[in-house]
Amino acid sequence: MEKMTITEALSEINLIKKKLEKKKQNVLVNLVRAKHIKDPLESEGGSKVYASREVQSITDLQKRLVDIKTAIAIANISTELTISGRTKTIFNWLIWKRDVSDDSLKFTRNIHSQIKNSMDQNTRGPTIYKDSTDKTQLVEFEYSLDYASALKEEQEIQDIIEKLDGQLSLKNATVVLEF
């Protein structure tokens, strides 16, 4: 059973991808040659042996890549992380960051901005209307959401986004994979 941190695993994944690309290119470059031309890989057992060995090496590297990524996924599903009082698995935080955080931040900013703009506009030039008795009245606005709560939520989301990468890096450096 092999052990490594997620950080080490991520580094190895990048290395494996580079090796795979190079090996694939080497196989393709030496795939076809005219029979009358001397085999350039004769010293390594010939092109056929070389190609077979490289294809097997590619298969082995691909299996290792899958094994490492699977170990990372298992660790991410089982490891919890708390940021700003919110606890989720690393897997859930990664999904939140990729699929939810930007939209959530934009939405809370829009709520905050729309309420603030309305309040500012009403302060600069209050809106008036005539009631049923023909008396002039100030329009009182009612907000479906609380301004302070919207601002707080916006700040919390921004805080989580800022802390998340650092916390993930710390976890990646300390969580040990076994595979």
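This is a short presentation on the cores, the strand hairpin, helix H3 and the salt bridges of a predicted model.

Good morning, colleagues. I shall begin with the nonpolar interior.

The largest nonpolar core holds 16 residues, and those that touch the most other members are Ile6, Ala9, Ile16, Leu20, Ile68, Ile72 and Leu177. Two helices, H1 (6-29) and H2 (47-78), each supply at least two residues of this core. The greatest contribution comes from H2, with 7 residues.

Leucine 177 deserves a moment of attention. Leaving aside residues up to four places away in sequence, leucine 177 touches Glu2, Lys3, Met4, Thr5, Ile6, Ala9, Ala71, Ile72 and Ala75. Apart from the largest core lies another one, of 10 residues, including Leu81, Trp93, Ile157 and Ile160.

Let me turn to the strands. Strand E2 covers residues 80-83 and strand E3 covers residues 86-89. The two strands pair in the antiparallel sense, over 4 bridges. Glutamate 80 has threonine 89 of E3 as its bridge partner, and isoleucine 83 has arginine 86, also in E3. Between the strands of this hairpin there are 2 residues, and serine 84 takes a positive phi near 50°.

Which side chains of E2 are buried, and which are not? The side chains alternate along the strand: Leu81 and Ile83 point to one face and are buried, whereas Glu80 and Thr82 point to the other face and are not buried. Please recall that Leu81 is also among the members of the 10-residue core.

I move now to helix H3. This helix runs over residues 90-124, which is 35 residues, and reaches 47 Å from its first C-alpha to its last, close to the 51 Å expected at 1.5 Å a residue. Where is the kink in H3 centred? The kink is centred on valine 100, and its angle is about 55°.

The buried residues of H3 are Ile90, Trp93, Trp96, Ser101, Leu105, Thr108, Ile111, His112, Ile115 and Ser118. The elements that cover them include H2, E2, E3 and helix H4 (147-174). Lysine 106 is also found in H3. Is that lysine buried or exposed? Its relative accessibility is 54%, and lysine 106 therefore counts as exposed. From lysine 106 to glutamate 154 the C-alpha distance is 8.5 Å, although the two residues are 48 apart in sequence.

My last topic is the salt bridges. A search of the whole structure finds 15 of them. I have chosen three to describe.

In one, the side chains of arginine 86 and glutamate 153 meet at 3.3 Å, N to O. Arginine 86 lies in strand E3 and glutamate 153 in helix H4, so this pair ties together parts that are 67 residues apart in sequence. Arginine 86 counts as partly exposed because its relative accessibility is 26%. Glutamate 153 is partly exposed as well, with a relative accessible area of 27%.

Another salt bridge joins the side chains of glutamate 156 and lysine 152, at 3.8 Å, N to O. Both residues lie in helix H4, 4 residues apart, about one turn of the helix. Glutamate 156 has 27% relative accessibility and therefore counts as partly exposed.

The remaining example links the side chains of lysine 163 and aspartate 159, at 3.1 Å, N to O. What separates these two residues in H4? They are about one helical turn apart, because 4 residues of sequence lie from one to the other. Lysine 163 is partly exposed, with a relative accessible area of 40%, and aspartate 159, at 25% relative accessibility, also counts as partly exposed.

Some of these residues belong together: Arg86, Lys152, Glu153 and Glu156 are joined into one network by salt bridges that share partners.

To close, I return to arginine 86. In the hairpin, arginine 86 is the bridge partner of isoleucine 83. Through its side chain, arginine 86 meets glutamate 153 in a salt bridge. Thank you for your attention.

Methods
Residues are numbered from 1 along each chain as its sequence is written. This is a predicted model: local features need pLDDT of at least 70, side-chain atom pairs count only at pLDDT 80 or more; totals for chains, interfaces and linings use all residues. Side-chain values use heavy atoms; hydrogens and water are left out. A nonpolar core is a set of buried Ala, Val, Leu, Ile, Met, Phe, Trp, Tyr and Cys residues joined through side-chain atoms within 4.5 Å. Buried means under 20% relative accessible area, exposed over 50%, partly exposed in between (1.4 Å probe, protein chains only). Contact means heavy atoms within 4.5 Å. The expected span of a helix is 1.5 Å times one less than its number of residues. The bend at a residue is the angle between axes fitted to the seven residues ending there and the seven starting there. Two strands pair if DSSP finds at least two bridges between them. A salt bridge is a side-chain nitrogen of Lys or Arg within 4 Å of a carboxyl oxygen of Asp or Glu.
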